[in-house]
Amino acid sequence: MSKKTPLLDEVLKYKKEENLIFSMPGNKCGKGFLKDDIGKEFVDTMGYLDITEVEPLDNLHAPEGIILEAQKLLAKTYGVKKAYFMVNGSTGGNLCSIFVAFNEGDEVLVERNCHKSIYNGLILRKLKVKYIEPLIDEKLGIFLPPDKKNIYDAIEQCENLKGIILTYPSYFGITYDIEEVLRDLKIRGLKIVVDSAHGAHFIANDNLPKAIYSIPDYVVLSAHKTLPALTQGSYLLSNRDDNDIEFYLNTFMTTSPSYLIMSSLDYARFYLDEYGNDEYEKLINKAEKYKNIINLLNKVHIISKEDLSENYDIDKSRYIVTLSKEYSGHKLLEYLRTQGIQCEMSFASGVVLLLSPINDDNDFNKLLKSFENLQLKDIRQDNYSKYYSFIPEKVLEPYEVFKKEYKYVKINEADKNIASEAIIPYPPGIPLLCPGEVITKEAIAIINDYLSNNRSVIGIRNKEYIKVIKE
C-alpha cells in the first residue's frame, strides 16, 4: 500500500472486497442508482459532475430556478409545506430546526437517547432541558422509543415547556403510535421537532411504519441512510409558513454545496415517486420470507412486530438480529464481516442490517448461508452488559457547563462532582450522565461494571479518569 494516499488506498481496497452492504449508505455504494438510465448516467459521469453555482444551475442559498423546483417536488412527495436539501447530513437539519423552533432560555423536552447533534444544538441554543428517560426491553436486549405514558409523565415534570424533540424511528427502526400524541402537543401550542433520520423511506409503502411527516413543525430525514442518495444528503421538512428557517439554513450549511449530493437527493425523491411503492413491496415480501427461514435455524432471531410490546411497530426493511445473552453481537458482526457481509451496527446481543430494494435473492441467500455456517461457540461472550435504569440529578443546564472550567478526577473519587461531558456506555449508547448532572456512587458503580466487562464508555479517559466541573 502506498504511504502517499493512505485514505484513498484503503477506500479502494475496501471496494475490491466486494462486500454485501447491509449498512449505510442507502445507495449501497452506488448500486442503488442503477435502477434506470438516468441513475446509470449519474453514476457513470459522477466524477465529472462536481460543479459549482454557475448560471444555469441555480444557488442553494437563494434558489429561484431548478433547485427551487426540485425542492417543491420534494415537499409534494412528503406532503409538507416546504422542503429543503441538506448537504451536511441530518446534523445540519437538526441544528436548523432547533434554532428556528426555540429561543434562548426555552424549556424543551428531549429523548435522552437522542442523536449527538441534538445535544450540541441544545448547548448552542442555550436551552433548558428536561429528559424523557429511555425504555429498555430486557428480553430482546434493545432500547425502545418512549411510549405515550412515558412522554406525558415527562411533560408533567416541566415548568414552562415550549416544545419537544423526538426521535422517530429509533436507530433500531422501531416506531410507536405517535400521531395522536403529536396532534395533542400541537393543540397545547408546543413546537415539535422530529429527528426521523432513519425514516426517509416510510412514505413509500403502507407496509412500512406510519409516516408522520405532515404533523410536526420540523422533520429531519437522512435520505442517504435508506434511499439512493449520496452520504451527507438529507431533507429538512417544514410545516410552518415562517421564513426564519432559511437564515439558519444559510448559517449551518456550506456556501459551496455539492451538486453531486443535491443531484442524488433529487434522484432519491424521484425514486420514491416512480418506484417506491412497488420496490418496497417486493423487498418486504422477500425480507419476511428469508426472516422466517433464518429464524427456523434456531441460531439467531430476527425481531418481528409480534416480539415487541403493544403499540410498537418495526421497519420491515431492516433486520434486528438478536442472540441469546451468552453470545456476543459484536462477535457476530465480526463473523459476518469475514463472510463478506457488512452490518450497520452491533449491540450487546445482536446486529442491525439495513436492507434495500436492490437486494436480490442472491444477497439473501448469502446471508442465509452465513447463518447456516455460523458456529455459536465461536461468538460466545463471558459477560453480558446489563442495561441500567438510572435517573441522575441535573443541577446545571448543558449550555451552562460548556463555559465552566473542568478537571479530571479518578472515577472512584468522582462522587458528588458534576459531569462536564456526557458519559455514554456502548451498548446501549444512551447517556448514563449528561453534562450538568451529579455523579453519584451508583453511577460510579455502573461505570466500573461496564469497564470491568471491557465495554466502551465514551467520556472516560484511559479507563480511569472522568471529566468534572472544577469548583
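The exchange below asks how several descriptions of this predicted model are justified.

Author: The model is predicted, so local features need pLDDT of at least 70 and side-chain atom pairs count only at pLDDT 80 or more, while totals for chains, interfaces and linings use all residues. Residues are numbered from 1 along each chain as its sequence is written, and side-chain values use heavy atoms, with hydrogens and water left out.

Reader: Why is Phe99 called buried or exposed?
Author: Buried means under 20% relative accessible area, exposed over 50%, and partly exposed in between, with a 1.4 Å probe and protein chains only. Phe99 has a relative accessible area of 12%, and is therefore buried. Its place is in helix H4 (residues 89-101), where helices (H or I, at least four residues) and strands (E, at least two) are DSSP runs numbered from the N terminus.

Reader: What does Phe99 touch, leaving aside residues up to four places away in sequence?
Author: Contact means heavy atoms within 4.5 Å, and by that rule Phe99 touches Gly121, Leu124, Arg125, Tyr248 and Phe252. Phe99 and Arg125 are 26 residues apart in sequence, with their C-alpha atoms 6.3 Å apart in space.

Reader: Which residues of helix H5 are buried, and what covers them?
Author: In H5 (residues 116-124), the buried residues include Ser117, Ile118, Tyr119, Gly121, Leu122 and Ile123. Their cover includes H4, strand E3 (107-111), strand E4 (128-132), strand E7 (161-167) and helix H13 (398-402). Lys126, with a positive phi near 55 degrees, follows H5.

Reader: How do you know that Lys225 has no salt bridge?
Author: A salt bridge is a side-chain nitrogen of Lys or Arg within 4 Å of a carboxyl oxygen of Asp or Glu. For Lys225, which is buried, the nearest side chain of opposite charge is Glu344, 6.9 Å away, and no salt bridge is found. Lys225 is placed in helix H8 (residues 223-226) and touches, among others, Met24, Pro25 and Leu354.

Reader: What makes the peptide bond from Met24 to Pro25 cis?
Author: Its omega is near 0 degrees, and the bond is described as cis; Pro25 is in the loop between strand E1 (20-22) and helix H2 (37-44). Tyr168 and Pro169 are also joined by a cis peptide bond, with omega about 0 degrees, and Pro169 is in the loop between E7 and strand E8 (174-176).

Reader: Why are Asp58 and Asn311 called buried or exposed?
Author: Asp58 is at 14% relative accessibility and so counts as buried, whereas Asn311, at 54%, counts as exposed. Asp58, although not a glycine, has a positive phi of about 65 degrees, and it lies in the loop between H2 and helix H3 (66-78). Asn311, also a residue other than glycine, has a positive phi near 80 degrees and is found in the loop between strand E12 (301-302) and strand E13 (312-314).

Reader: What makes Lys15 exposed, and in which patch does it gather?
Author: Lys15 has a relative accessible area of 64%, and therefore it is exposed; its place is in helix H1 (residues 6-17). Lys15, Lys16, Lys31 and Lys366 gather in a patch of positive charge on the surface. Patches are made of residues with over 30% relative accessible area and no salt bridge, like charges being joined within 9 Å and nonpolar side chains (Val, Leu, Ile, Met, Phe, Trp, Tyr) within 5 Å.

Technical notes. Accessible areas come from the Shrake-Rupley method with a 1.4 Å probe; for residues, only the protein chains shown count as cover. Lys and Arg count as positive and Asp and Glu as negative; His and the chain ends are not counted. The place of a charge is taken as NZ of Lys, CZ of Arg, CG of Asp or CD of Glu.
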